[in-house]
Amino acid sequence: MEPGKENPLVLSWHDTAWLPALDPTNVMDYFSERSNPFYDRTCNNEIVKMQRLSPDQLNHMTGLEYVLLHAQEPILYVVRKQHRHSPSQVTPLADYYVLAGVVYQAPDLGSVLNSRLLGAAHSLQGALHEALGYSRYHPSRGYWWNFKDTPAATTATTTTSTTSSNAASNTGASLFQRRRVDMLLAELAAKFPPEPPKPETADVKPAKAADKKQTRPAS
């Protein structure tokens with residue numbers, strides 16, 4: 001789709017003057033009305049119509065054309081837009097269905113897959129968000145699921161968990177807490193090993209030199 005151009009999948013068109021008389025013989029004339037936004041007036045159908053040729057002449061022309069692909073009277077008609085390369089080779093470009101006189105463009109495979117994937121992703125996001133409301137955590141137990149409470153009761157459950165946490169903080173450490181703390185201490189000790197103690201050196205004071213002066217004997 002070109003930038004700034006309205007998505008044709010959200011458009012529809014109808015002409016109330018034609019609705020009571022639609023049938024396989026005139027549905028292509030109805031589709032080729034100038035007010036129909038799905039009709040390209042540069043197609044071969046317009047040339048055949050202006051020159052008053054037989055519709056069978058489309059098989060011997062090349063270029064853009066519209067053909068009636070399926071008819072289910074009186075409610076449904078399917079018109080195909082295609083590019084003709086030769087009498088036996090065509091390339092489909094788009095399909096349109098006339099349902100109760102209203103013309104719509106049929107979505108292509110890429111649009112259908114994109115819509116389905118977006119819907120599935122939205123549903124998965126909602127499911128994960130809802131599942132998150134059932135998860136619980138406590139330092140003494142770790143993580144667990146609590147499916148007894150509904151998401152609406154999450155606030156009450158949170159208050160209860162807070163009260164339980166305060167009560168549990170007054171008790172001794174559990175086995176889970178002790179193992180967890182021991183593991184963390186071991187990891188810290190491995191990352192930051194303590195420095196080995198330095199050997200103590202005794203302070204040896206140098207001996208004082210003997211006094212070289214000799215005392216004179218008293219005379």
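**Entry 1: rings**

I began with the aromatic side chains and found F31, F38, Y39, Y66 and Y96 linked into a cluster by ring pairs. A reminder to myself: this is a predicted model. Over the structure I get twelve aromatic pairs.

I then picked out one of them, Y134 with F147. The ring centres are 5.3 Å apart and the planes make an angle of 40°, so by the 30 and 60 degree limits I file this pair as tilted. Where do the two partners sit? Y134 is in the loop between α3 (109–132) and β5 (135–138), while F147 is in the loop between β6 (142–145) and α4 (154–169). The pair therefore ties together parts that are 13 residues apart in sequence. I also looked up the accessibility of both: Y134 is buried, with a relative accessible area of 13%, whereas F147 is exposed, at 58%.

One more ring turned up with a charge over it. R141 lies over the face of W144, at 4.0 Å from the ring centre.

**Entry 2: the four-stranded sheet**

Next I traced the sheet. It is open, and its four strands come in the order β1-β2-β3-β4 with antiparallel pairing. Which strands stand at the edges? They are β1 (63–72) and β4 (102–105). Each has a single partner strand, so one side of each is left without a neighbour in the sheet. I noted the twist too: from one strand to the next it averages 30°. For my own reference, strands of a sheet pair through backbone hydrogen bonds, either parallel or antiparallel.

I followed the β3 to β4 pairing further. β3 covers residues 89–99, and four bridges join it to β4 in antiparallel fashion. Among the bridge partners, L99 goes with V102 in β4.

**Entry 3: Q105**

While on β4, I stopped at Q105, which lies in that strand. Is Q105 buried or exposed? Its relative accessibility is 17%, so Q105 counts as buried. I listed what Q105 touches, not counting residues up to four places away in sequence: P8, L9, F38, A94, D95, Y96 and Y97. Two names on that list, F38 and Y96, I had already met in the ring cluster.

**Entry 4: backbone oddities**

I went looking for unusual backbone geometry, keeping in mind that most residues other than glycine have a negative phi, and most peptide bonds are trans.

The peptide bond between E73 and P74 is cis, with omega about -5°. P74 belongs to the loop between β1 and β2 (76–86).

For positive phi outside glycine I noted R52, near 55°, and A100, also near 55°. R52 is in the loop between α2 (44–50) and β1, and A100 is in the loop between β3 and β4. How accessible is R52? I read 79% relative accessibility, so R52 counts as exposed. A100 has a relative accessible area of 47% and is therefore partly exposed.

**Entry 5: S32 and R34**

I then turned to the loop between α1 (27–31) and α2, where S32 is placed. S32 has 8% relative accessibility, so I count S32 as buried. What does its side chain reach? The S32 side chain comes to the backbone oxygen of D29 at 3.0 Å. Leaving aside neighbours within four places in sequence, I find S32 in contact with Y39 and K49. Y39 is another member of the ring cluster from my opening entry.

R34 is found in the loop between α1 and α2 as well. At 56% relative accessibility, R34 counts as exposed. With neighbours within four places in sequence set aside, R34 is in contact with R41 and E46.

**Entry 6: the β5–β6 hairpin**

Last stop, β5 and β6. How many residues does the hairpin pass through on its way from β5 to β6? I count three residues in that connection. The strands run antiparallel and four bridges join them; one of the bridge pairs is H138 with G142 in β6.

I also sorted the faces of β5. R136 and H138 make up the covered face, while S135 and Y137 make up the uncovered one. This fits a pattern worth writing down: in a regular strand the side chains alternate between the two faces of the sheet.

Note on methods:
Residues numbered from 1 in each chain as written. Predicted model: local features only at pLDDT ≥ 70, side-chain atom pairs only at ≥ 80, totals over all residues. Heavy atoms only, no water. Pairing = 2+ DSSP bridges. Helix = DSSP H or I, 4+ residues; strand = E, 2+ residues; numbered from the N terminus. Axes fitted to C-alpha atoms, helices over the stretch in contact; angles between N-to-C directions. Buried < 20%, exposed > 50% of the residue type's maximum accessible area, 1.4 Å probe, protein only. Phe/Tyr/Trp six-rings, centres within 6.5 Å; stacked < 30°, edge-to-face > 60°. Lys NZ or Arg CZ within 6 Å of the ring centre and 35° of its normal. Polar contact = N/O pair within 3.5 Å; in protein donor to acceptor, adjacent residues only side chain to side chain. Contact = heavy atoms within 4.5 Å.
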